Structures are given as structure tokens and as C-alpha cells.
Amino acid sequence: MSPIPPAELAARLGRWSAGRGPLYLLLAGRLRALIDDGDLPPGTGLPTDRALAAGLSAGRTTVVAAYDLLRQEGRLVRRQGSGTWVAGSPPGSLHATEPTVNPVFLHLLDPPDHVAQFACAGPTAAPPAIIAAYRTALDGLGGPDLGYHPAGHPRLRDALAARYTARGVPTTAGQILVTTGGQQALALLARALVAPGAEVLVQAPTYPGALEIFRESAAALRPVPTDFEGYEGELARRPAMAYLIALCHNPTGRSLPSPERRAIVAAAVAEGVPLIVDDVLAELSFPAPALLSAAVPTAFVPAAVPTAAFAPGADELITVGSLSKLVWGGLRIGWVRAQPALIGRLGRLKAVNDLGSGVLDQLAAAELLTDLDTLIASRAEVLATRHDHLCAELRKHLPDWQFEPAVGGQTLWVRLPYGDAASYAQAALRQGVAVLPGGSLDPSGGSGGHLRIPFVAEPAVLTAGVQAMAEAWRGFTARSPAAPPPLPAIAV
């Protein structure tokens with residue numbers, strides 16, 4: 001069996017270097033835990049000392065000492081010329097049902113520690129409006145109600161349908177399915193629409209949670225660049241499904257101009273390709289002052305109406321929304337807007353999955369919808385300020401790093417002048433900051449030199465994070481070979 005790739009093992013190791021003590025003991029401890037938990041089963045081949053050291057941005061002696069310690073414990077077998085593998089009888093090859101190794105999820109699974117979290121993006125605290133909404137929801141409980149609503153509580157479905165209708169997309173409650181967050185919405189859609197081996201059209205890069213779901217469905221991913229050149233031609237191939245983040249794109253922070261959106265929607269409708277539009281971040285566009293201060297072309301300013309209003313027949317679009325990025329991640333309320341036939345199918349899948357989302361959460365969400373626009377405007381204003389602060393700090397401390405200012409959303413897409421972002425992420429961990437390397441967001445195999453950096457934290461936290469990244473970059477470049485010529489500049 002081929003050795004596990006260094007990048008994959010580095011992802012599984014997670015925050016291995018974030019503790020205290022010699023690095024080789026920290027590495028051995030994390031490898032020991034993966035072996036004992038069965039995440040590295042017997043017979044798994046491990047990378048060579050040199051390859052893993054490069055992937056971890058660590059010294060080769062660190063890896064050699066960790067491997068030797070585990071060999072002495074009987075957990076590893078090492079033979080000259082034959083490599084290193086986990087002790088025991090070799091099983092079959094690793095397969096697609098292995099747990100995720102995407103760092104965005106592994107960072108969530110790691111316990112809180114002294115590491116600053118720059119790998120995940122979302123509101124960092126529950127706003128007071130949530131507490132008030134839950135209190136009102138509690139007062140509304142009681143009366144005859146079994147409590148199981150697989151398609152969603154009627155009150156919340158009605159409220160979401162009314163919100164779409166008010167924004168120019170006539171919608172009935174029968175076109176709404178309430179889910180446990182946007183992630184479950186994507187998972188149910190993948191189960192309903194994607195057979196093993198079927199093609200799914202995705203942007204490169206894109207939201208890593210969607211990629212993990214499609215891979216779990218054994219889909220064949222067809223990446224399209226974020227400039228969308230060739231997108232309509234790809235739709236003509238009639239993939240099983242297309243996934244699109246049109247506004248406040250994750251991770252680049254860009255928004256697709258209206259003409260391009262209309263063309264993509266029209267092409268999908270004409271070809272009969274189910275088009276999922278992820279609108280989870282769509283309403284987090286920045287106010288005009290922030291756009292002007294970032295010198296963003298006005299062509300990128302998103303329209304104020306949903307994508308579903310853009311083209312004839314666009315009512316066939318499948319829209320995914322969520323309150324987790326607009327309000328707070330702990331409020332696990334998402335939804336799908338689609339035609340009633342598909343909503344009915346998804347509802348049956350959800351009934352088997354969890355019998356329905358929590359009633360109290362749904363009633364609180366319905367309360368929040370009554371003044372959601374005010375909450376969104378306040379959050380977008382805060383994000384715009386923090387975006388500008390992060391941009392200024394990066395230009396000050398890491399002037400060689402390149403990026404385009406975002407027009408909305410929560411993240412910057414940053415290109416390193418050279419080097420592998422996954423290896424740099426390991427160096428950043430040792431400075432106490434977790435960053436997300438771009439390769440985990442790009443199914444094309446590109447973006448290995450990019451980082452996704454969120455600007456959701458308070459300014460002081462952003463400043464400290466950038467300073468730690470700069471210190472890690474100095475150490476990383478000192479270990480790297482001579483830098484190649486600088487990349488072409490990005491206009492900002």
C-alpha cells in the first residue's frame with residue numbers, strides 16, 4: 001500500500017505542535033493517538049522522514065526522533081529501504097469512508113487552547129438579540145404539538161417564505177425545508193441528487209464543507225475557475241448538479257456581476273441542470289464606504305435582490321440559506337428553497353436523518369427574522385471595519401503577501417509570494433495561530449500557495465494574529481530554499 005501523502009498526514013495531525021515540550025515528543029504523542037484511535041490502522045504506510053519534515057515545516061531530526069520513539073513502543077515498524085508503517089497486519093487500502101482530514105473541521109474538533117483561531121470563520125459570540133429571541137420562543141412553547149416537524153416548524157417555514165416573497169421571489173411554505181444548519185441542507189441535497197460517480201460542477205476554490213459532502217457522496221468533482229470562463233460550456237455537459245456561491249464568495253470575498261449571474265442561471269435552466277446557489281453569506285456585502293475605501297470596482301457591488309430573481313425560469317434554482325453566518329454559528333438553523341416536489345423528497349430524507357430540527361431553535365429563528373435586516377446591517381458594518389483593519393495589518397507586517405480586498409463575506413484570499421501554504425500553516429501553529437491552507441478549498445489541485453484568512457475577530461485579535469503570522473513567515477522563509485522570483489502583482 002502506498003504511504004499516506006505528507007499533506008494528508010499533516011492535516012490529520014492537526015495542532016500537534018501547539019502544546020508544550022520538545023517537538024519530537026509532541027509529534028510522537030499525536031501520532032500515538034491517531035494509531036491508538038484507529039485513524040492510522042495497522043499497515044498504513046507513513047511518509048519518509050524528509051517528506052514529512054517538509055510537510056510539517058519541521059526539522060528532519062524531529063520526525064526521526066518521533067518515529068524511533070514509536071518504533072521502540074512497538075507502534076511503528078521501520079526498515080531500511082522499506083519505509084515506515086503502522087505495526088500490525090496490513091488491511092485493505094484506505095478508502096472514501098475514512099473520516100474527514102479537512103483542516104477546517106479538524107480545527108473545530110480540537111479542544112480550545114492557546115491557539116488563535118484563524119482557520120474557521122463565523123460570528124465569534126452570540127448577539128443579545130439571540131438571547132431575547134430564545135426567551136420569547138420559550139414563552140411560545142406549550143399547547144398541542146408533538147414536536148416533530150421534519151420539513152420544519154410551520155411558523156418558521158411561513159416566515160422564510162414571506163421573506164423571499166418580500167425580496168422579489170414569490171415563495172410558499174411548501175417550497176421551504178428547514179435544516180439543522182446550511183451544512184445539513186447541502187448534505188440532504190447531495191443525497192437526493194448525486195449518485196456515486198456523478199459529476200458535480202464546483203468553483204475552484206470554494207467552500208470546503210461542500211467539497212467534503214460531495215466527496216462523501218463519491219461524486220466526481222468538475223472544478224471551474226472563479227472567473228467562470230467556460231462555465232456555460234461545462235453546464236452543457238449536463239453534470240448531475242452544479243454548486244455556485246455567487247455573492248460574497250467563500251473564500252475570495254468576491255461577488256459575481258449581474259450579467260454573469262443571469263447567464264449562468266439561464267444556461268442551467270436551459271440544460272436542465274440542478275443549480276444549487278449557496279446564499280449563506282450573500283447578504284453580508286459591505287456598505288458603500290467600505291467598498292470605496294477598498295477601491296473595489298463598482299461592477300462587483302452585488303445587487304440587493306436574490307439570484308432567483310435574475311432570469312426566466314430561475315424559480316427552478318435551489319437556494320441554500322442559514323443563520324449561522326448572519327447571526328451565530330450556535331444557532332443551527334438553515335433552509336432550502338426549491339420546488340415542492342424536491343422539498344417533499346428532502347423532507348423524507350430529513351425525517352429518516354433526525355425527525356426534524358429543534359423546535360425551540362426554530363421558534364427563536366422565526367423571532368429573529370422579524371428584524372433580521374437590522375442584525376445583518378449591523379454585522380456587515382462591523383465586518384467591513386474589521387476587513388479594512390486586517391488589510392492594513394497585512395500590508396504593514398507582510399507586504400509581500402498579495403490579496404484583493406473583499407466586497408463582502410468574512411474572509412480574504414491571500415497568496416503567498418512562494419512556498420507551500422500547508423507547510424506554512426504548520427509553522428504558524430508553532431506561533432500560536434491556526435490558518436487554513438488554500439489547497440483544502442480547491443478541488444482542481446491548485447491554490448497550494450494561498451491562505452484563507454477571516455476578519456471576524458476584534459481588531460486587537462486581528463493585529464496579534466497578523467503579527468504571529470509574520471513571525472511564522474520569517475521562520476518559514478529562513479528554513480526554505482532561496483525564494484524564486486516574485487509572483488506577478490495583483491491589482492488591489
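**Aromatic pairs, salt bridges and a small sheet**

Y243 is buried, because its relative accessibility of 0% falls under the 20% below which a residue is counted as buried. The model in which this residue is described is a predicted one.

Aromatic contacts are considered first. The structure holds eight aromatic pairs. In one of them, the ring centres of F214 and Y243 are 5.6 Å apart and the ring planes stand at 75°, so the pair is classed as edge-to-face; an angle over 60 degrees is what that class requires. This pair connects distant parts of the chain, since F214 belongs to helix α9 (residues 208-216) and Y243 to strand β8 (residues 241-244), with their positions 29 residues apart in the sequence. F214 has a relative accessibility of 1% and is therefore counted as buried.

A second pair is formed by W401 and Y424, whose ring centres also have a separation of 5.6 Å; here the planes lie at 90°, so this pair too is edge-to-face. W401 is located in the loop between α15 (372-397) and β12 (402-403), whereas Y424 is part of helix α16 (residues 421-429), so that the contact ties together parts 23 residues apart in sequence. With a relative accessibility of 3%, W401 is counted as buried. Y424 is likewise buried, its relative accessibility being 0%. Both residues belong to a cluster in which ring pairs link W401, Y418, Y424, W473 and F476.

An aromatic ring also takes part in a contact with a charged group. The charged end of R337 is placed over the ring of Y164, at 5.8 Å from the centre of that ring.

Nonpolar side chains appear on the surface as well. L146, Y148 and L355 make up a nonpolar surface patch, and together they have about 360 Å² of accessible area. Within this patch, L146 is found in the loop between α6 (128-140) and α7 (154-166). The relative accessibility of L146 is 73%, and this residue is therefore exposed, the threshold for that class being over 50%.

Charged side chains are considered next. A search of the whole structure identifies 19 salt bridges. Among them is the bridge between D68 and R78, in which the closest N and O atoms are 3.4 Å apart. The two partners come from distant parts of the chain: D68 lies in helix α4 (residues 60-72) and R78 in strand β2 (residues 76-79), ten residues apart. D68 is partly exposed, with a relative accessibility of 25%. R78 also counts as partly exposed, at a relative accessible area of 23%.

Another salt bridge joins R155 to E367, with the closest N and O atoms at 2.4 Å. R155 is in helix α7 and E367 in helix α14 (residues 359-369), so this bridge ties together parts that are 212 residues apart in sequence. Both ends are partly exposed: the relative accessibility is 39% for R155 and 21% for E367.

R254 and E404 form a further salt bridge, in which 3.2 Å separates the closest N and O atoms. R254 is in the loop between β8 and α11 (258-271), and E404 is in the loop between β12 and β13 (411-415); the pair therefore ties together parts 150 residues apart in sequence. R254 is partly exposed, its relative accessible area being 28%, and E404 is partly exposed at 30%. In addition, R32, D36, E73 and R75 are connected through a network of salt bridges.

Strand pairing completes the description. An open sheet is built from three strands in the order β1-β3-β2, and their pairing is antiparallel. Its edges are β1 (45-46) and β2, each of which pairs on one side only. Between β2 and strand β3 (residues 83-86) there are four bridges, in the antiparallel sense. L76 faces V86, which is a residue of β3. The edge strand β2 is also the strand that contains R78, the partner of D68.

Conventions. Residues are numbered from 1 along each chain as its sequence is written. This is a predicted model: local features need pLDDT of at least 70, side-chain atom pairs count only at pLDDT 80 or more; totals for chains, interfaces and linings use all residues. Side-chain values use heavy atoms; hydrogens and water are left out. Rings of Phe, Tyr and Trp (its six-membered ring) pair if their centres lie within 6.5 Å; planes under 30 degrees apart count as stacked, over 60 as edge-to-face and the rest as tilted. Helices (H or I, at least four residues) and strands (E, at least two) are DSSP runs, numbered from the N terminus. Buried means under 20% relative accessible area, exposed over 50%, partly exposed in between (1.4 Å probe, protein chains only). A charge sits over a ring if NZ of Lys or CZ of Arg is within 6 Å of the ring centre and within 35 degrees of the ring normal. Patches are made of residues with over 30% relative accessible area and no salt bridge: like charges are joined within 9 Å, nonpolar side chains (Val, Leu, Ile, Met, Phe, Trp, Tyr) within 5 Å. Accessible areas come from the Shrake-Rupley method with a 1.4 Å probe; for residues, only the protein chains shown count as cover. A salt bridge is a side-chain nitrogen of Lys or Arg within 4 Å of a carboxyl oxygen of Asp or Glu. Two strands pair if DSSP finds at least two bridges between them.
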